[in-house]
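I opened my notebook for a fresh look at this one, with coffee at hand. Here is the entry, set down in the order in which I looked things up.

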Protein chains: 2
Amino acid sequence: MLATIDTMVQGVHFGSYTSWRELGWKAMAQNLSDIAAMGGCPEYALVSLTLPGDIEVSSITQLYHGMMEIANQFELVIAGGNISSAPLVVITIALMGKAQGKRILTRSAAKPGDLIAVTGYLGTAAAGLKMLASQLQFDSQTMALFRQAHQHPVPRVLEGQILSRHQVQAAIDISDGLAADLIHICEASHIGAQVEIDRLPIHPRVWAAFPNEALSLALSGGEDYELLFTANLETINKVKEEISCPITVIGNIVEASPGQLTLIDKEGKPFTRDKEGWEHFISAPQKDES
Amino acid sequence: MLATIDTMVQGVHFGSYTSWRELGWKAMAQNLSDIAAMGGCPEYALVSLTLPGDIEVSSITQLYHGMMEIANQFELVIAGGNISSAPLVVITIALMGKAQGKRILTRSAAKPGDLIAVTGYLGTAAAGLKMLASQLQFDSQTMALFRQAHQHPVPRVLEGQILSRHQVQAAIDISDGLAADLIHICEASHIGAQVEIDRLPIHPRVWAAFPNEALSLALSGGEDYELLFTANLETINKVKEEISCPITVIGNIVEASPGQLTLIDKEGKPFTRDKEGWEHFISAPQKDES
């Protein structure tokens with residue numbers, strides 16, 4: 001049995017640029033992503049809401065439409081919940097699922113020699129947040145991509161199950177940002193990691209919209225809800241055949257101080273172009289400790 | 001599998017008169033009481049906290065001590081959780097457990113002819129809240145009883161399991177108050193209930209401390225976390241032999257409009273002494289819709 005709980009707080013995790021329907025989708029997507037990161041199969045959700053008294057019933061109906069939409073997509077049953085009054089909106093979802101047989105993906109199973117790979121693209125969700133929070137304008141395709149990435153993320157549930165079936169052992173979902181989440185794996189596995197900056201699958205539209213910040217959005221923006229995993233090359237090649245989204249190898253697991261992340265350039269030299277920046281976003285406290 | 005979720009909000013469900021340790025105990029007790037009301041066996045808890053930045057770590061340690069204390073008592077494992085920042089403290093606990101075989105107590109299984117019974121005493125938790133919120137003084141034994149009842153309730157987990165083993169089918173825990181929770185059973189079972197006011201097991205110290213309000217504290221005060229159940233006399237007598245706390249028969253399930261609760265006096269006449277008062281607390285909206 002797998003179980004996870006996660007909370008979204010008004011003004012901390014979401015703002016007025018998020019519709020109720022998007023909020024419902026996203027709150028559930030975050031939890032589904034935790035089950036995806038274990039390679040599990042989601043089954044039941046419990047939803048606890050705290051709400052100010054002046055919220056319209058139609059807003060809560062929209063919230064539930066968003067939750068139902070993603071729940072139906074992943075054959076998840078919203079089995080119960082709770083409503084309390086409070087001065088602000090807090091959405092807590094507990095999600096239960098099951099592992100596939102005895103296999104489960106964990107943060108603690110990475111080992112030296114493993115390659116580090118990620119699904120999909122990085123930086124789009126953070127680009128979306130930046131665009132929405134600052135009301136920036138881009139071409140319509142870019143705006144749709146960024147909004148979708150931030151407000152309507154699709155958790156990699158199927159992909160997690162495929163990883164698990166192919167004996168991948170170490171994975172995490174990218175909620176805090178690639179750097180922070182890779183460090184979580186390194187700490188839990190008592191190893192270090194080397195990431196080649198030029199290999200990061202940063203979406204071309206992120207480069208185009210934010211040329212100076214694309215790297216930092218990808219490394220520390222968070223909320224991409226892609227899967228980061230470690231495995232040998234043979235396994236990664238097998239996985240690629242079954243997974244329809246891009247899979248990109250970005251670096252190696254190495255013997256090092258537990259939790260040590262080294263960024264390198266194409267020549268294998270430590271990446272130093274913007275050292276202060278890196279230190280900032282590798283060690284910055286996350287707003288959400290989930 | 002059984003699962004429940006419940007939330008406590010600072011300023012709504014608890015105030016400054018509650019210590020962090022008591023808060024941890026009580027938050028977990030509420031959830032355990034939901035499992036008790038189904039006759040189940042608690043297994044795992046997930047705890048999600050939202051906390052303002054200025055809370056001392058030692059406060060959270062105390063909160064967890066309170067949760068661990070009751071978890072250990074009921075062989076419950078706190079298996080995980082989440083922490084987010086927020087302007088106020090919100091504690092959400094999801095609790096998973098298992099049913100005993102195929103039996104489960106529900107709100108929807110009461111039937112005409114059943115007797116209505118409750119465990120323990122009523123009104124002590126509400127008396128405790130009144131005492132703490134208004135800083136009232138009584139003799140030390142009374143104050144200890146009231147404080148214990150409100151801040152340190154002991155969920156009837158074992159008792160719920162005994163009810164279930166003896167084929168009791170309908171039960172609920174008294175969180176909103178006897179009247180509101182009995183109405184929940186009546187609505188879910190599509191029946192009505194008659195309760196004889198003089199049979200209510202109101203604690204003598206509640207009568208002594210609040211002679212004019214004892215009845216209303218017992219009927220609508222809430223948070224007693226006793227079990228209310230329906231069964232025939234033979235079953236109730238068997239249950240009494242195994243359960244160490246008082247079990248009191250307070251009325252009957254009757255054919256009536258679904259959800260109709262009639263309060264009667266010793267002679268079986270409708271109870272009218274304080275009609276306005278009754279209507280108030282039978283229909284009053286609860287602060288927590290759990």
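These notes go from the contact between the chains to the cores, then to two loop residues and the salt bridges.

**Before starting**

I reminded myself that this is a predicted model.

**Entry 1: where the chains meet**

I began with the contact between the two chains. How many residues does each chain give to it? I found 30 residues from chain A and 29 residues from chain B. I then looked up the area buried between chain A and chain B, which came out at about 2100 Å². Carbon and sulfur atoms give 71% of that area. On the chain A side, I noted that I5(A), L46(A) and N82(A) lose the most area to chain B. Together these three account for 24% of what that side buries.

Next I checked the polar side of the contact. I counted zero salt bridges between chain A and chain B. For polar contacts, I counted four residue pairs between the chains, with both residues at pLDDT 80 or more.

Which elements of chain A give two or more residues to the side that touches chain B? I listed β1 (2-9), β2 (41-51), β3 (77-85) and β4 (90-98) of chain A. The largest share of that side, six residues, comes from β1(A). I also sorted the residues of this side by type and got 15 nonpolar, eleven polar and four charged.

**Entry 2: the cores**

I turned to the nonpolar cores. The largest has 45 residues. I wrote down the ones with the most contacts inside it: M28(B), L32(B), I91(B), I93(B), L163(B), F229(B) and I236(B). Helix α1 of chain B, residues 20-36, gives the largest share of this core, with eight residues. Apart from that core I found another, of 44 residues, and among its members I noted L32(A), V89(A), L163(A) and V249(A).

I picked I91(B) for a closer look. Leaving out residues up to four places away in sequence, I91(B) touches D6(B), T7(B), M8(B), L23(B), A27(B), S48(B), L49(B) and L63(B).

**Entry 3: two loop residues**

Is Y225(A) buried or exposed? I first placed Y225(A) in the loop between α8 (214-220) and β8 (227-231) of chain A. With a relative accessible area of 4%, Y225(A) falls under the 20% cut-off and is therefore buried. Beyond its sequence neighbours up to four places away, Y225(A) touches Q30(A), S33(A), P153(A), V154(A), R156(A), D173(A), I174(A) and S175(A). I also compared Y225(A) with L122(A): they are 103 residues apart in sequence and 9.1 Å apart in space, C-alpha to C-alpha.

In chain B I looked at E223(B), which lies in the loop between α8 (214-220) and β8 (227-231) of chain B. E223(B) counts as buried because its relative accessibility is 9%. What does the side chain of E223(B) join in a polar contact? I found H150(B), with a contact of 2.8 Å between the two side chains. Outside the four-place window in sequence, E223(B) touches K26(B), Q30(B), A125(B), A149(B), H150(B), I174(B) and S175(B).

**Entry 4: salt bridges**

I counted 23 salt bridges over all chains, and noted again that the count between chain A and chain B is zero. I then went through a few in chain B.

- D114(B) and K111(B) meet through their side chains at 3.5 Å, N to O. D114(B) is buried at 6% relative accessible area, whereas K111(B) is partly exposed at 44%.
- R205(B) and D139(B) meet in a salt bridge of 3.4 Å, N to O. This pair links distant parts of the chain, 66 residues apart: R205(B) is in helix α7 (residues 204-209), and D139(B) is in the loop between α3 (124-133) and α4 (140-151) of chain B. R205(B) is partly exposed at 26%, and D139(B) is partly exposed at 41%.
- R199(B) and E196(B) form a salt bridge of 3.7 Å, N to O. R199(B) is partly exposed at 39% relative accessibility, while E196(B) counts as buried at 18%.

My last find was in chain A, where salt bridges that share partners join R156(A), E159(A) and E226(A) into one network. R156(A) had already appeared among the residues that Y225(A) touches.

Key. Residues numbered from 1 in each chain as written. Chains lettered and ligands numbered in written order. Predicted model: local features only at pLDDT ≥ 70, side-chain atom pairs only at ≥ 80, totals over all residues. Heavy atoms only, no water. Contact = heavy atoms within 4.5 Å. Buried area = accessible area lost by both parts, 1.4 Å probe. Salt bridge = Lys/Arg side-chain N within 4 Å of Asp/Glu carboxyl O. Polar contact = N/O pair within 3.5 Å; in protein donor to acceptor, adjacent residues only side chain to side chain. Helix = DSSP H or I, 4+ residues; strand = E, 2+ residues; numbered from the N terminus. Nonpolar A, V, L, I, M, F, W, Y, C, P; charged D, E, K, R; others polar. Core = buried A, V, L, I, M, F, W, Y, C linked by side-chain atoms within 4.5 Å. Buried < 20%, exposed > 50% of the residue type's maximum accessible area, 1.4 Å probe, protein only.
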